[in-house]
Amino acid sequence: MGWLQRLFGLEKPQDAQVNPDPTTVSENNGEDIPLERVGLNGEYDQSGLAKRVALAFDENPEFDNINNLYVAQTGGTVVLKGSVPSQEILDQLVNIASGVSGATDVTTDEVSVG
């Protein structure tokens, strides 16, 4: 089961992108969507950043066996919680999460290694 399915109950949308171009929506008074709120297809999504990070993790089969790590967000900060098998894997996940547009920081305070 992929990250999007496990964390958000979503199948990967056909045109989903890790870094889509944000759309301008009337619900947002015609203003651009903040990068941390851009969804998988450029639409407004309250959890957009976390979903796009999960999608980025899905794109790397090396992380398919990690089932005890969760992705959340607080504004532009990606919050990782749970456990990973090694510090090297955690570093790779942090690097990937940091590269998602809208991510201003990645916190791992609640991740155990080993």
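A search of the whole structure, a predicted model, finds one salt bridge. Its partners are K51 and D45, whose side chains meet at 2.9 Å, N to O. Side chains of opposite charge can pair when their charged atoms come close. Are K51 and D45 buried or exposed? Both K51 and D45 are buried.

K51 belongs to a covered stretch. Helix α2 spans residues 48-58, and 10 of its 11 residues are buried. The buried residues are G48, L49, A50, K51, R52, V53, A54, L55, A56 and F57. The list therefore takes in charged K51 and R52 along with nonpolar residues such as L49 and V53, each under 20% relative accessible area.

What covers this helix? The cover over the buried residues of α2 includes two helices, α1 (3-8) and α3 (87-98). It also includes two strands, β1 (69-74) and β2 (77-84).

Now turn to the nonpolar core. In soluble globular proteins, nonpolar side chains tend to be buried together. Here the largest nonpolar core holds 28 residues. Within it, W3, V71, V78 and L80 touch the most other members. Elements giving two or more residues to this core are α1, α2, β1, β2, α3 and β3 (105-113). The largest share comes from α2, with seven residues.

L80 shows how these parts meet. Set aside its neighbours within four places in sequence. L80 is then in contact with F57, a buried residue of α2. Its other contacts are L69, Y70, V71, L90, V94, V106, T107, T108, E110 and V111.

How values were computed. Residues numbered from 1 in each chain as written. Predicted model: local features only at pLDDT ≥ 70, side-chain atom pairs only at ≥ 80, totals over all residues. Heavy atoms only, no water. Salt bridge = Lys/Arg side-chain N within 4 Å of Asp/Glu carboxyl O. Buried < 20%, exposed > 50% of the residue type's maximum accessible area, 1.4 Å probe, protein only. Helix = DSSP H or I, 4+ residues; strand = E, 2+ residues; numbered from the N terminus. Contact = heavy atoms within 4.5 Å. Core = buried A, V, L, I, M, F, W, Y, C linked by side-chain atoms within 4.5 Å.
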